[in-house]
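This briefing covers the strand order, one helix that packs on the sheet, and a few aromatic contacts. The entry is shown first, and the points follow by topic.

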Amino acid sequence: YRNRTNPFSPLLVTSAQHAEGKTTTAAFLAATIARYHSARVVIADMDLHRPRQHEVFGIPKAEGPGVGEILSGQARAADAIVPTRFENLFVVPAGKRVASPSSLFENVRVRRFFDDLRALSDVVVVDSPPLIPVSDTMLLSVEAAAVLLVLMAGQTPREVVVRAKALLEDVNARLLGVVVNNADEVLPYYYDYKYYGYR
């Protein structure tokens with residue numbers, strides 16, 4: 001992980017729809033890499049519709065510039081990186097409310113932003129909007145090195161998952177894998193270890 005040419009960075013974390021746990025997954029993934037790989041990790045909150053990383057890490061929303069200001073040319077990435085209470089883990093909050101986030105996600109701007117973050121860290125994790133409601137993630141995934149899709153077991157309909165995968169394929173995004181949340185609650189009882197007498 002301690003390599004600024006990391007083939008998986010920036011790693012974009014998204015979901016098919018809202019409330020599937022992508023923000024939590026992105027935060028835990030970033031924190032895990034920072035702790036167990038002693039890597040400098042920056043998590044960028046690029047869900048400008050419903051930003052939450054500042055809440056997860058207890059960062060005042062109005063304090064300092066964020067992704068919106070960087071992409072609009074009002075600030076530099078280096079000035080927006082905020083340390084968290086976790087060693088080696090930093091956040092670039094979403095910044096001030098933007099009327100039309102998609103208008104900021106122009107390829108050259110996003111590429112420059114990602115390049116800046118990669119130069120300032122070992123690993124970049126991107127919390128992006130869900131795929132189905134808005135086009136933002138399709139724009140971002142073009143510039144991301146890889147994409148992680150988060151789903152909620154028992155909640156995300158199969159056709160929605162298929163549609164989300166198709167959207168990523170349409171822009172030739174590199175789908176690294178899928179994280180399934182809530183699996184323990186919806187798997188049939190015969191998949192439960194307790195059924196086999198294991199503890």
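R40 lies over the face of F90, with 4.0 Å to the ring centre. The model is predicted. The ring of F90 belongs to a residue of β4 that is buried, and β4 is one of the strands in an open, mixed sheet of 7 strands.

**Sheet**

- The strands of the open sheet follow the order β3-β4-β2-β5-β1-β6-β7, with mixed pairing.
- The edges are held by β3 and β7 (175–181), each of which has a single partner strand, so one side of each has no neighbour in the sheet.
- Strands β1 (residues 11–15) and β5 (residues 123–127) run parallel and are joined by 3 bridges; V13 stands opposite D127 in β5.

**Helix α1**

- Helix α1 (residues 22–36) packs on the sheet and touches β1, β2 (41–45), β4, β5, β6 (146–152) and β7.
- The direction of α1 makes about 155° with that of β1.
- The 15 residues of α1 should span 21 Å at 1.5 Å a residue, and the end C-alpha atoms are 21 Å apart, which agrees.
- Buried residues of α1 include T23, A26, A27, A30 and A34.
- An α-helix has 3.6 residues a turn, so residues three or four places apart point the same way.
- S38, just after α1, has a positive phi of about 50°.

**Strand β4 and its partners**

- L89 and V91 point one way from β4, while F90 and V92 point the other way; all are buried.
- The pairing of β2 with β4 is parallel, over 4 bridges, and I43 has V91 as its bridge partner in β4.
- The pairing of β3 with β4 is antiparallel, over 2 bridges, and V82 also has V91 in β4 as its bridge partner.
- A hairpin is formed by β3 and β4 with 5 residues between them, and N88 in its turn has a positive phi of about 70°.

**Aromatic pairs**

- The count of aromatic pairs is 2.
- One of them is F57 with F86, an edge-to-face pair with 6.3 Å centre to centre and 85° between the planes.
- F57 lies in the loop between α2 (53–56) and α3 (67–71), and F86 in the loop between β3 (82–83) and β4 (89–92), so this pair ties together parts 29 residues apart in sequence.
- F57 counts as buried because its relative accessibility is 7%, under the 20% cut-off.
- F86 is partly exposed, at a relative accessible area of 36%.

Definitions and conventions
Residues numbered from 1 in each chain as written. Predicted model: local features only at pLDDT ≥ 70, side-chain atom pairs only at ≥ 80, totals over all residues. Heavy atoms only, no water. Phe/Tyr/Trp six-rings, centres within 6.5 Å; stacked < 30°, edge-to-face > 60°. Buried < 20%, exposed > 50% of the residue type's maximum accessible area, 1.4 Å probe, protein only. Lys NZ or Arg CZ within 6 Å of the ring centre and 35° of its normal. Pairing = 2+ DSSP bridges. Contact = heavy atoms within 4.5 Å. Axes fitted to C-alpha atoms, helices over the stretch in contact; angles between N-to-C directions. Expected span 1.5 Å × (residues − 1).
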